[in-house]
Amino acid sequence: APSPHSYTTLRDEAVKLFNSLQQLESERDPVPLMQGVLQTCLDLPPLVDEIYCQLVKQTTEPAAPGGQGDLHYWQLLTCMSCTFLPSPPVLRFLRFHLDRTESRFPASEMAKYACFIREALGKTKGRECVPSLEEILVLMRRQEMICTVHCPGAPACSVAISSHTTAEEVARELVSRLGLSQSPNLFALYEQSRRREHPVASATLLADVLTRFE
């Protein structure tokens, strides 16, 4: 199907992604490369399972467990888990891999990523956009992002959000913070870009909105 990127066959793209993963191991700044892999998976959904399988392979019996290259693979696997769900067979295999890693390397960085990924897979429903560069950096540290919301008649509010936080959840938290829980009015978040302003649907993921800003 037409897309903003020029793609060849799925087989060729899978080979390109494999080469990108090989490059990821020694990349000093892996964030742009990670975002490129995620974008390809968003544009070509049949490759999602392929990348999950490749990442499971790369994080099984690594030459240097917990080394920089190994952790780069775990970090990309973390970003994948917050963006895409694999098919049921691959998901079962992935969960087995996470359990095995936690069992073999307890209290290690790999085990911490495995635990984070397992929790993320239980919340991920699919994304409209790939994670922003800022979100990828945050996910690499297994942390939350800080989202700034400007409220009429009140100072800007900072809200901690994850890759799974919806606009409705943030609006509800702000209503509580501002002491408006008993107000009969309805509240929503609005997205403003230049002169255009429109409400953000309640089920929209705030992480997708931030990616559009980027």
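Reader: Why is Glu61 called exposed?

Author: The term exposed is reserved for a relative accessible area over 50%, buried for one under 20%, and partly exposed for what lies in between (1.4 Å probe, protein chains only). Glu61 has a relative accessibility of 58%, and therefore Glu61 counts as exposed. The model is predicted: local features need pLDDT of at least 70, side-chain atom pairs count only at pLDDT 80 or more, and totals for chains, interfaces and linings use all residues. Residues are numbered from 1 along each chain as its sequence is written, and side-chain values use heavy atoms, with hydrogens and water left out.

Reader: What is notable about the phi of Glu61, and where does this residue lie?

Author: Its phi is positive, about 55°, although Glu61 is not a glycine. Glu61 sits in the loop between α3 and α4. The helix labels refer to DSSP runs numbered from the N terminus (H or I, at least four residues, for helices; E, at least two, for strands).

Reader: Is Ala107 buried or exposed, and how do you know?

Author: Its relative accessibility is 72%, and therefore Ala107 counts as exposed. Ala107 belongs to the loop between α5 and α6, and has a positive phi of about 70° without being a glycine.

Reader: Why is Asp70 called buried?

Author: Asp70 has a relative accessible area of 5%, and the residue is therefore buried. Asp70 is part of helix α4.

Reader: Which residues does Asp70 touch, and what makes a pair a contact?

Author: A contact requires heavy atoms within 4.5 Å. With residues up to four places away in sequence not counted, Asp70 touches Gln58, Thr59, Pro62, Ala64, Pro65 and Met110. As for Ser132, it is 62 residues from Asp70 in sequence and 22 Å from it in space, C-alpha to C-alpha.

Reader: How do you know that Val37 is buried?

Author: The relative accessibility of Val37 is 2%, and Val37 therefore counts as buried. Val37 lies in helix α2 and touches Leu17, Ser20, Ile51 and Leu76, residues up to four places away in sequence being left out. Val37 and Thr8 are separated by 29 residues in sequence and by 15 Å in space, C-alpha to C-alpha.

Reader: Why is Thr204 called buried, and where is its place?

Author: Thr204 has a relative accessible area of 16%, and is therefore buried. Its place is the loop between β4 (196-199) and α9 (206-213). Leaving aside neighbours within four places in sequence, Thr204 is in contact with Thr165, Thr166, Ala167 and Val209.

Reader: What makes a set of residues a nonpolar core, and which helices supply the largest one?

Author: A nonpolar core is a set of buried Ala, Val, Leu, Ile, Met, Phe, Trp, Tyr and Cys residues joined through side-chain atoms within 4.5 Å. The largest has 40 residues, and Leu38, Tyr52, Leu55, Trp74, Leu76 and Met80 have the most contacts inside it. At least two residues of this core come from each of α1 (10-24), α2 (31-43), α3 (47-58), α4 (68-81), α5 (88-104), α6 (109-121) and α7 (133-140). The largest share, seven residues, is supplied by α4. Apart from this core lies another, of 18 residues, including Cys147, Cys157, Ile161 and Leu210.

Reader: What does Leu55 touch?

Author: With residues up to four places away in sequence not counted, Leu55 touches Leu21, Tyr73, Leu76, Leu77 and Met80.

Reader: What pattern does the protein chain follow, and how many helices and strands does it have?

Author: The chain has nine helices and four strands, in the order α-α-α-α-α-α-α-β-β-α-β-β-α along the sequence. Of its 214 residues, 45% count as buried. Among contacts with a separation of 6 or more, 66% join residues 24 or more positions apart. Taken along the principal axes, the C-alpha atoms fill a box of roughly 60 × 45 × 35 Å.

Reader: Why is the span of residues 143-214 called "Ras-associating"?

Author: The name comes from an unreviewed UniProt entry, which annotates residues 143-214 as "domain: Ras-associating". UniProt positions follow the numbering used here, feature names are shortened, and annotations may be inferred rather than shown by experiment. In the model, this span is 26% helix and 25% strand, with its end C-alpha atoms 19 Å apart. UniProt also lists "domain: FERM" (unreviewed entry) for residues 145-214; over these residues the chain is 27% helix and 26% strand, and the end C-alpha atoms are 14 Å apart.
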